[in-house]
Amino acid sequence: MATGNEPTFFLGEYEHTLDAQRRVAIPAGWRGCGRFILLPGKDHSIQMMTVETFREMVLDKTKKLSLGNMEDARNLARLGSRAQECVCDKQGRIQISQQLASYANLREKVALVGSVSMILLYPPEAWNLLRDGNGEEHCFDIFNRLDTER
């Protein structure tokens, strides 16, 4: 977790139950960030990031936008209408909106996957299909591909 000016990294993977109110427990080491933003992601995942990370992304993009450009305004509205802000309750849970839970096909269980700067939420069976099948790929191979796969 972040201390002082150090960045926060979300590492590891967890599986937790989704209750009838669409609440899921966030691992204790990930809760200290305070507020989170949830967004629909690729592969029908939910992207969960700190408000600070979201703010940096949005400010970086919106600095280049024209307030009078209707397409930019519509894109921001599309983003904002699909986003959800949440805070962990006293039991360390967040509640996922019906819209996002349906988008990600979340039912009884949720795989929470550390994605370094954010958390990805998947149905466990979907995450199992996306994860490296044999687990023998070295992390440095993955890290090196981050620069070359664009």
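Is Arg23 buried, partly exposed or exposed, and what is its relative accessible area? Arg23 is partly exposed, and its relative accessible area is 24%. The model described here is predicted.

## Salt bridges around Asp19 and Arg93

The structure contains seven salt bridges. One of them pairs Asp19 with Arg23, with 2.7 Å between the closest N and O atoms. Asp19, like its partner, falls in the partly exposed class, since its relative accessible area is 23%, and buried residues are those under 20%.

Asp19 also forms a salt bridge with Arg93, where the closest N and O atoms are 3.9 Å apart. Asp19 is in the loop between strand S1 (13-17) and strand S2 (23-25), whereas Arg93 belongs to strand S6 (residues 93-95), so this pair ties together parts that are 74 residues apart in sequence. Arg93 has a relative accessibility of 21% and therefore counts as partly exposed.

## A shared network

Arg93 has a further salt-bridge partner in Asp89, and the closest N and O atoms of this pair are 2.9 Å apart. The relative accessible area of Asp89 is 28%, which means that Asp89 is partly exposed. Through shared partners, the salt bridges join Asp19, Arg23, Asp89 and Arg93 into one network.

## Thr50 and its surroundings

Strand S4 (residues 46-50) includes Thr50. This residue is buried because its relative accessible area is 6%, and the limit for burial is under 20%. The side chains of Thr50 and Thr53 are joined by a polar contact of 2.9 Å.

Apart from neighbours within four places in sequence, the residues in contact with Thr50 are Phe10, Cys33, Arg35 and Phe36.

## A nonpolar surface patch

Phe9, Leu11 and Val116 make a nonpolar patch of about 290 Å² on the surface. Val116 is located in the loop that runs between strand S7 (109-114) and strand S8 (119-122).

Val116 has a relative accessibility of 44% and so counts as partly exposed. Residues qualify for a patch with over 30% relative accessible area, and a residue is classed as exposed over 50%. A partly exposed residue such as Val116, at 44%, can therefore belong to a surface patch, for which the requirement is over 30%.

Methods
Residues numbered from 1 in each chain as written. Predicted model: local features only at pLDDT ≥ 70, side-chain atom pairs only at ≥ 80, totals over all residues. Heavy atoms only, no water. Patch = residues over 30% accessible without salt bridge, like charges linked within 9 Å, V, L, I, M, F, W, Y side chains within 5 Å. Areas by Shrake-Rupley, 256 points an atom, 1.4 Å probe, with all protein chains shown as cover. Salt bridge = Lys/Arg side-chain N within 4 Å of Asp/Glu carboxyl O. Helix = DSSP H or I, 4+ residues; strand = E, 2+ residues; numbered from the N terminus. Buried < 20%, exposed > 50% of the residue type's maximum accessible area, 1.4 Å probe, protein only. Polar contact = N/O pair within 3.5 Å; in protein donor to acceptor, adjacent residues only side chain to side chain. Contact = heavy atoms within 4.5 Å.
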